[in-house]
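Here's a quick walk through a protein model, meant to be read with the structure open next to you. Take a look, then we'll go through a few spots.

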Amino acid sequence: MTITRRNVLLGATATAALMPVVARAQTTDVPIGIIYPFSGASAQIGVDAKSAFETAAEIINNKYDFDLPLARDTGLPGLGGAKIRLVYADHQADPQKGRAEAERLITQEKVCAIIGTYQSAVAVTASQICERYQIPFLSADNSSPSLHRRGLKFYFRAAPHDEMFSAAMFDFFDAMKKKGTKIDTLSLFHEDTIFGTDSGNAQLKLAGERGYKVLADIKYRANSPSLSAEVQQLKAANADVLMPSSYTTDGILLVKTMAELGYKPNAIVAQDAGFSEKALYDAVGDKLEGVISRGSFSLDLAAKRPMVGTVNDMFKAKSGKDLNDFSSRQFMGLIVMADAINRAKSTDGEKIREALVATDMPGEQTIMPWKRVKFDEMGQNNDADPVLLQYVGGKFVTIFPPQAAVAEAIWPMK
């Protein structure tokens, strides 16, 4: 039986009164929309996201001895043990397709919440539809800072945004300079959608505030067939650090073009996106030994919090790969949303929104190195502490901040 916001309480109560034995045996479900790119150039992101959400749903719907919310119960106890049911939609990396799919999920599939979307440009349109229908929208992995500043009541983000991530990068630069490392000049390289634009703006602002000189600030067309002219500009600038904000396909092209044109920066400090994806390292990882990327997840945390390793094993059994910055945020997105639905004891959008507003989840009850999950008046969690990861010997190790680091940064990159 599909639960809608109208019948979840009345229907269940009536059935229980008439057929108490049968009602206890019935399994009801709570539909949650999952909107990602499942086709096109970003399809692998959707495939991995599906594995992350299914791992979270498996933990929610069954009993596990974890400290994660809902792990030790079967289903949602606040809704009589109802199980989470995931309803998928393919936005094809197209904001207008995302808008249409969000509306279909709400009006036809009757989902009570939506989680998405990888591309921030799609989150803009999908969350606007959710706002119109008063259905909670949770950005699992969108990082554009402007998303939570649009005055939407039903928009939430548990993970950091790019101003938070970029601040961590500049904190790292400051710390390295204090140790005697020469970091004075930067080259910014970002694609032209909302993700790249917001990231570039945040980094340009921080560079000015922290006293770093930006020698090149290059905005390029996303999914460009050639980056030769842009890389020539980067090579000519020859800044101490290259800071790219690029999705996977663009990131691969950037690295290949750099190799072809003989551009070897001292360091690359990337705004995640393609630079956290296995596909990029499968293609050009031999040219990226020592690259640094920001993140919100570190598998190193498993040494202190064993459930992180166990959850990673569950995800790896489904996907064939370890959790990364995206899949970990996607996993936590469903955990946070399901926890709110459970506390709301309802699939009504407004009641779920109220429960999300009241969320206060300790960091120890997540798989992330965060202080906690608690949303401000704009729906942003400001206690999601970023980390910096360095690609060394075919894997990422945490190098910053000091309290999370397991290794010293290698500088310059090899």
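Which residue follows α7, and what is its phi? The residue is G211, and its phi is positive, near 85°.

## How far to trust it

Keep in mind that this is a predicted model. The mean pLDDT of the protein chain is 91, with 93% of its residues at 70 or more. Residues 1–27 are where to be careful: the pLDDT there is below 50. Leaving out near neighbours in sequence, that stretch has 30 contacts in the model.

## Two helices

Back to α7, which covers residues 194–210. From first C-alpha to last, its 17 residues reach 24 Å, close to the 24 Å expected at 1.5 Å a residue. The buried residues of α7 include F195, G196, T197, D198, S199 and G200, and further along the helix A202, Q203, L206 and A207 are buried too. The cover over these buried residues comes from elements including the helices α5 (120–133) and α6 (162–178). Strands take part as well, among them β6 (185–191), β7 (213–220), β8 (241–245) and β10.

Helix α3, residues 43–61, passes the length check: 19 residues at 1.5 Å each should span 27 Å, and the end C-alpha atoms are indeed 27 Å apart. This helix is mostly covered, as 14 of its 19 residues are buried.

## The largest pocket

If you're hunting for openings, the largest pocket has a volume of about 610 Å³. Its lining is made up of 27 residues, and those closest to the pocket centre are D322, L323, N324, K395 and F396.

Several elements each give at least two residues to that lining: α10 (278–284), β10 (292–295), β13 (387–392) and β14 (395–400). So β10 turns up twice in this tour, here in the pocket lining and earlier in the cover of α7. Sorted by class, the lining has 12 charged, 8 nonpolar and 7 polar residues.

## A closer look at M361

M361 sits in strand β11, residues 361–362. Is M361 buried or exposed? M361 has a relative accessible area of 3%, so it counts as buried, the cut-off being under 20%.

What does M361 touch, apart from residues up to four places away in sequence? Its contacts are P69, M332, V336, D339, T366, R372 and V373. As for E350, it lies 11 residues from M361 along the chain, and the C-alpha atoms of the two are separated by 20 Å.

Conventions
Residues are numbered from 1 along each chain as its sequence is written. This is a predicted model: local features need pLDDT of at least 70, side-chain atom pairs count only at pLDDT 80 or more; totals for chains, interfaces and linings use all residues. Side-chain values use heavy atoms; hydrogens and water are left out. pLDDT is the predictor's confidence in each residue, from 0 to 100. Contact means heavy atoms within 4.5 Å. Helices (H or I, at least four residues) and strands (E, at least two) are DSSP runs, numbered from the N terminus. The expected span of a helix is 1.5 Å times one less than its number of residues. Buried means under 20% relative accessible area, exposed over 50%, partly exposed in between (1.4 Å probe, protein chains only). On a 1 Å grid over the protein atoms alone, a cavity is a set of points where a 1.4 Å probe fits but cannot get out, and a pocket is an open set with protein on both sides within 12 Å along at least five of seven lines; lining residues have an atom within 4 Å of a point. Grid points are joined across faces, edges and corners, and a volume is the space filled by probe spheres set on the points. Ala, Val, Leu, Ile, Met, Phe, Trp, Tyr, Cys and Pro count as nonpolar, Asp, Glu, Lys and Arg as charged, and the others, Gly among them, as polar.
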